[in-house]
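Work through the exercises below with the model open. Try each task before reading its solution.

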Amino acid sequence: MKSSLKSKKKQLIENLRAQGITDEKVLEVISEIPREDFIPDFLRNQAYENAALPIESGQTISQPYIVAYMTQELQVEKKHKVLEIGTGSGYQAVVLAKLCKRLFTIERHMPLYKSAEEMFKKLRIFNITTLFGNGIKGWKEQEPFDRIMVTAAGEEIPDELLYQLKDGGIMIIPVGAQDETQHIIRITRHGDDFDVKTLLPVKFVPLLSGIVHSS
Ligand code: SAH
């Protein structure tokens with residue numbers, strides 16, 4: 001890593017701290033992961049700006065603050081089995097994988113699914129299992145999950161995902177239509193009851209049904 005990127009990364013970590021990210025484990029994994037490897041080459045020097053950036057298939061890698069915030073709110077533990085919907089670049093998946101036991105991640109765009117898989121191999125991260133498919137339905141063969149993170153905005157909270165949470169489990173999901181203000185929502189399962197808390201206003205790409213084979 002060029003020294004300029006290294007100092008920008010240090011600065012980013014300080015900014016995240018100043019913005020209220022207090023979980024040291026989350027800050028540590030963000031400082032370990034080369035975000036420049038998950039974005040197009042021509043944007044390399046913007047890797048540690050606190051901004052969302054475009055990736056393949058018209059999608060985006062989330063802003064580092066949002067990645068840190070959602071990860072902190074998910075309260076991931078080393079023993080957890082975690083599901084992510086929306087693999088995208090694979091960056092958030094790696095953040096989660098470094099904090100949990102096993103991470104399952106689903107992507108509906110084939111080119112993103114393939115390049116994320118290669119990235120996990122390249123970085124030698126072996127506790128991630130990938131699936132090409134529609135994550136709105138969750139992952140029946142692998143449920144229940146201790147934690148679920150959705151990284152695309154649903155117009156509503158998908159019911160099937162709620163019931164793939166363990167009792168006491170937590171799900172983080174941005175909710176809202178594309179032309180409305182979306183919010184990050186945190187849901188905690190208590191038996192058949194779900195405690196819902198509205199957190200930050202955000203802007204995410206949409207959570208869509210179906211799969212896309214090409215870019
Ligand atoms: N976590 C990603 C964010 C990518 S943007 C990262 O760190 O880079 C959100 C991603 O969700 C996009 O790649 C989009 O294709 C994907 N997505 C949207 N709806 C989906 C669905 N129903 N199932 C799986 N992936 C979906």
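**Exercise 1.** How many Å apart are the mean positions of the positive and negative charges of the protein?

Solution. Start with the conventions. This is a predicted model, in which local features need pLDDT of at least 70, side-chain atom pairs count only at pLDDT 80 or more, and totals for chains, interfaces and linings use all residues. Residues are numbered from 1 along each chain as its sequence is written, and side-chain values use heavy atoms, with hydrogens and water left out.
Next, assign charges: Lys and Arg are positive, Asp and Glu negative, while His and the chain ends are not counted. Place them at NZ of Lys, CZ of Arg, CG of Asp or CD of Glu. There are 28 positive and 29 negative charges, and their mean positions lie 7 Å apart.

**Exercise 2.** Determine how the radius of gyration of the protein compares with the globule rule.

Solution. First list the elements: six helices and nine strands. These are DSSP runs numbered from the N terminus (helices H or I, at least four residues; strands E, at least two). The radius of gyration, taken over C-alpha atoms, is set against 2.2 Å times the number of residues to the power 0.38. The protein has 16 Å, close to the 17 Å that the rule gives for 215 residues, so it is as compact as a globular protein of that length.

**Exercise 3.** Find which element gives the largest share of the largest nonpolar core.

Solution. A nonpolar core is a set of buried Ala, Val, Leu, Ile, Met, Phe, Trp, Tyr and Cys residues joined through side-chain atoms within 4.5 Å. Buried means under 20% relative accessible area (1.4 Å probe, protein chains only). The largest core has 50 residues; Leu74 is among those that touch the most other members. Helix α3 supplies the largest share, seven residues. Check its cover: 11 of the 11 residues in α3 (64–74) are buried. Just after α3, Gln75 takes a positive phi of about 50 degrees.

**Exercise 4.** List the contacts of Leu74, leaving aside neighbours within four places in sequence.

Solution. Contact means heavy atoms within 4.5 Å. Leu74 touches Val82, Leu96, Arg147, Ile148, Met149, Ile170, Met171 and Ile172.

**Exercise 5.** Is Ala97 buried or exposed?

Solution. Locate Ala97 in helix α4. Its relative accessible area is 3%, so Ala97 is buried. Beyond neighbours within four places in sequence, Ala97 contacts Leu103, Ile125, Asn127 and Ile128. The C-alpha atoms of Ala97 and Thr129 are 10.0 Å apart, with these positions 32 residues apart along the chain.
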